[in-house]
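Trainee: I am new to this structure and would be grateful for a close look at a single part of it, the largest pocket. Please describe what forms its lining, and then turn to the charged side-chain contacts found elsewhere in the search.

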Amino acid sequence: MKLQRNRLRALSLGAVAVTGALVLTACGSDNNSEGSDSGKKDSAAPSNIKCEDAKGQLLAVGSSAQDNAVQAWVKAFQQACSGVEINYAPDGSGAGITKFLQGTTAFAGSDSALDEEETAESKKVCKTGQGINLPMVGGPIAIGYNLSGVDNLVLDADTIAKIFDSKIKKWNDPAIAELNPGVKLPATDIQAFHRSDESGTTQNLGKYLQAAAPKSWKYEPEKVWAAEGGQSASGSSGVASQVKNTDGAIGYFELSYAKSNNIPAVKVDTGASAPVEATTDAASAGIAAAKVVGTGKDLSLELDYNTKADGAYPIILVTYEIVCDKGNKADTLPTVKAFLNYTASEEGQKILSDAGYAPLPDEIATKVREIVPTLA
């Protein structure tokens, strides 16, 4: 699997290299669409954003799951800070980590923390330090579906695992019917979609299935999709688009993609008193049980994917902004610190709920706020 991951990562470099230049233009154009004076302070810009010494252009690459949140942050930050342009390319967690380890992006966004091998490799880029994981965005991974005549669907970990492993192939399968008494399920073929790119969202779904349905999901949770069968699409937006346009489809993506595409999401039977809906509040309840397992300034988290607590949604992710604790590039460091100070602030975290994400628990957010100013 490691070889496969490295091979896919290598293949992604060409695409990232080509799209990088395009992103600088395309994203810059999108960010400036509100008006030609993007560098000037907007009258509606939040007054408490501290620009410090932020200046120039900043390029970041990574998780598509957090893209909607990042774009909301970028818009507010650019309105408040004159002369700053931040371009975030949602090419996937794998691409973000790859670019970060090559030293070609100021920070990376990832739905999975750096592993030991990646942390060791980051010392070559950070030179006087190493890469650290700063949790910034929380949220539920929605299991979205498109099934004519059905707008209320309950699944559990076992059925989700079997669907994505091509073991359950019809929507009227007895296992699904048992979880949905009174619902008229059609005999439609199930069209399961997964990510084609390296994805922390894929890895988090795998961690959930491994924890909650170990007898039905035999795959190690990797960023690369492991199960056979199904169909693939690039990025959360690609999977959401395929689900929206395919009758009988099911896929996984961050909740905001379900909301923006009007895709219904599965309620998950966790064994609690009632099935749990994919909402930001339910995700926050799930994330609140997370434990910090990183050391030093690293704040990587261990999530409880097998929770049975009432109202706690189990298929959750936290996206990290990956930076050097020491050894960041001097020309981009002031902007990185100012931007991350804002995203971790109370004002920045408040934006998340409106965008379909879950704000970080106060205890974790406080630790992030303490570390960002110490980046060097």
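Mentor: In this predicted model, the volume of the largest pocket comes to about 600 Å³. Its lining is made up of 30 residues. Those that lie nearest the centre of the pocket are A113, L114, D115, K207 and S300.

The lining may next be read by secondary structure. Three helices each contribute at least two residues to it: α1 (2-31), α4 (116-126) and α7 (200-212). The strands β4 (131-146), β11 (301-302) and β12 (316-324) likewise supply at least two residues each. Helices and strands thus both take part in lining the largest pocket. By class, the lining of this pocket holds 10 nonpolar residues, 10 polar residues and 10 charged residues.

Let us now consider the salt bridges. A search of the whole structure, rather than of the pocket alone, finds five of them. Three may be described here in turn.

One of the five joins the side chains of D158 and K162, with an N to O distance of 3.1 Å. Both residues belong to helix α5, which covers residues 157-164, and they stand four residues apart, so about one helical turn separates them. D158 is partly exposed, at 29% relative accessible area. K162 is also partly exposed, and its relative accessible area is 30%.

Another salt bridge is formed between the side chains of D197 and R195, where the N to O distance is 2.8 Å. D197 has a relative accessibility of 14% and therefore counts as buried, the limit being under 20%. R195 is buried as well, with a relative accessible area of 2%.

A further salt bridge links the side chains of K367 and E363, at 4.0 Å from N to O. These two residues lie in helix α13 (residues 362-371); because they are four residues apart, the separation is about one helical turn. The two partners fall into separate exposure classes: K367 counts as partly exposed at 30% relative accessibility, whereas E363 is exposed, with a relative accessible area of 58%.

To draw these contacts together, the pairs D158 and K162 and K367 and E363 are each set about one helical turn apart within a helix. In the remaining pair described here, D197 is buried and R195 is buried.

Notes:
Residues numbered from 1 in each chain as written. Predicted model: local features only at pLDDT ≥ 70, side-chain atom pairs only at ≥ 80, totals over all residues. Heavy atoms only, no water. 1 Å grid on protein atoms, 1.4 Å probe; cavity = no way out; pocket = protein on both sides within 12 Å on 5 of 7 lines; lining within 4 Å. Points joined across faces, edges and corners; volume = space filled by probe spheres on them. Nonpolar A, V, L, I, M, F, W, Y, C, P; charged D, E, K, R; others polar. Buried < 20%, exposed > 50% of the residue type's maximum accessible area, 1.4 Å probe, protein only.
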